[in-house]
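Thanks for sharing this one. Here are my notes, set out as numbered points so that you can follow them with the coordinates open.

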Amino acid sequence: MATLRIDVLTLFPELFGPFLRTSVVGRAVEAGLVEVAVHDLRDWAHDRHRTVDDTPYGGGPGMVMKPEPLVEAIEALAGARGPGRSAHVVLLSPQGARLDQAGLARLAGRKRLLLVCGRYEGVDQRVIDLGIDEELSIGDYVLAGGEVPAMAVIEGVARLEPGVLGNPASAGSESFQAGLLEGPQYTRPPVFGGLAVPDVLRSGDHAAVAEWRARRARELTRRRRPDLLGEAGPGSEESASGSGEDES
Ligand code: 4FV
């Protein structure tokens, strides 16, 4: 029994094919740990031209997505808005709350999600008023569509499903898990471009390694994302050539 079912409503279902067959998401779907169904919004546009957009009331550039096909599709896939509906309906849009790791964990805890992908200038407000449970944004920039944000949600929640990541510990020790950025990481060779891997990482002293990693994570977070530490003001950007702290 798939633990999580995700339906996607989009004007470009063909965008999702390779994504749903590749890497972590592909394995999660293959293993039946996550079920994803992609739906073409035009299937709910019943006029001869299967129209899904129209000009904005009040004038202005671009087109707006019509309410009828969207609300009909949402209600067909998730039921009418209310406690009894079968899926939690999320619209990806720049007006949404910012998506973060905690938000992904919350979505991963649900049984069914319906991700609605906007296009054009956005959707008629009545779609939001009548059919959407939550609006989420992946960042303060404008994309051409909600498909890439929807993929970010799918991959983000799929990684949190039990059994998806080979080593569940990896999900626990990564960025944002402890509210910190992850510190520097190294692998072979021990010296590259004249730069050596910090000795402590090759010491075998797990306590010292853990202490070093925690300290570097705090330092990097304080410099790059003091907001994550609840500290005011962006830190000065780290110079391109590294911080210059002691590498010991
Ligand atoms: C977006 C974002 C985003 C805006 C107009 C789709 C586009 C078009 N979605 N986070 N940033 N959406 O830019 O989620 O409808």
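1. Let me start with Met65, which counts as buried because its relative accessibility is 1%, under the 20% cut-off. This residue sits in strand β4, made of residues 64-65. Please bear in mind throughout that we are looking at a predicted model.

2. What is Met65 in contact with, once its neighbours within four places in sequence are left aside? The list includes Leu11, Leu41, Val52, Asp53 and Leu70, and it continues with Cys117, Gly118, Arg119, Tyr120, Gly122, Val123 and Asp124. Asp124 is worth picking out: 59 residues separate it from Met65 in sequence, while the two C-alpha atoms are 5.8 Å apart in space.

3. On overall confidence, the average pLDDT of the protein is 92, and 89% of the residues score at least 70. The stretch to treat with care is residues 242-248, where pLDDT stays under 50. The model does give that stretch 12 contacts beyond four places in sequence. Where pLDDT is low, though, predicted coordinates should not be read in detail.

4. For the general picture, the protein has eight helices and nine strands. Of its 248 residues, 39% count as buried. Among contacts with a separation of 6 or more, 74% come from residues 24 or more positions apart.

5. Now the sheet. Five strands form an open sheet in the order β2-β1-β6-β5-β7, with parallel pairing. Its edge strands are β2 (34-40) and β7 (134-137), each of which pairs on one side only. On average, neighbouring strands are turned by 30° against each other, direction ignored.

6. Strand β6 (112-117) deserves a point of its own. It is mostly covered, with five of its six residues buried. On one pairing, β1 and β6 run parallel and are joined by five bridges; here Arg5 has Arg112 in β6 as its bridge partner. β6 also pairs with β5 in the parallel sense, over five bridges, and Leu92 stands opposite Cys117 of β6. Cys117 also appears among the contacts of Met65, so you may like to display these residues together.

7. Moving along the sheet, strand β5 (residues 88-98) runs parallel to β7 and is joined to it by five bridges. Leu91 is found opposite Glu135 in β7.

8. Which strands does α4 lie across? They are β1 (4-10), β5, β6 and β7, and the helix runs at about 140° to β7.

9. The same helix, α4 (residues 101-108), packs with α6 (residues 147-158) at an angle of about 75°, and the two axes are 9 Å apart. That angle makes α4 roughly perpendicular to α6. By class, their contact has six nonpolar residues, one polar residue and no charged ones. From α4 come Leu104, Leu107 and Ala108, which meet Ala152, Val153, Gly156 and Val157 of α6.

10. Last, a look at Pro13, in the loop between β1 and α1 (17-20). Is this residue buried, partly exposed or exposed? With a relative accessibility of 24%, Pro13 counts as partly exposed. Beyond its neighbours within four places in sequence, Pro13 is in contact with Val38 and Asp40. Pro13 and Ala37 are 24 residues apart along the chain, with 9.6 Å between their C-alpha atoms.

Key:
Residues are numbered from 1 along each chain as its sequence is written. This is a predicted model: local features need pLDDT of at least 70, side-chain atom pairs count only at pLDDT 80 or more; totals for chains, interfaces and linings use all residues. Side-chain values use heavy atoms; hydrogens and water are left out. Helices (H or I, at least four residues) and strands (E, at least two) are DSSP runs, numbered from the N terminus. Buried means under 20% relative accessible area, exposed over 50%, partly exposed in between (1.4 Å probe, protein chains only). Contact means heavy atoms within 4.5 Å. Axes are lines fitted to C-alpha atoms, for helices over the stretch in contact, and angles run from 0 to 180 degrees between N-to-C directions. Angles under 35 degrees count as roughly parallel, over 145 as roughly antiparallel, 65 to 115 as roughly perpendicular and the rest as oblique. Ala, Val, Leu, Ile, Met, Phe, Trp, Tyr, Cys and Pro count as nonpolar, Asp, Glu, Lys and Arg as charged, and the others, Gly among them, as polar. Two strands pair if DSSP finds at least two bridges between them. pLDDT is the predictor's confidence in each residue, from 0 to 100.
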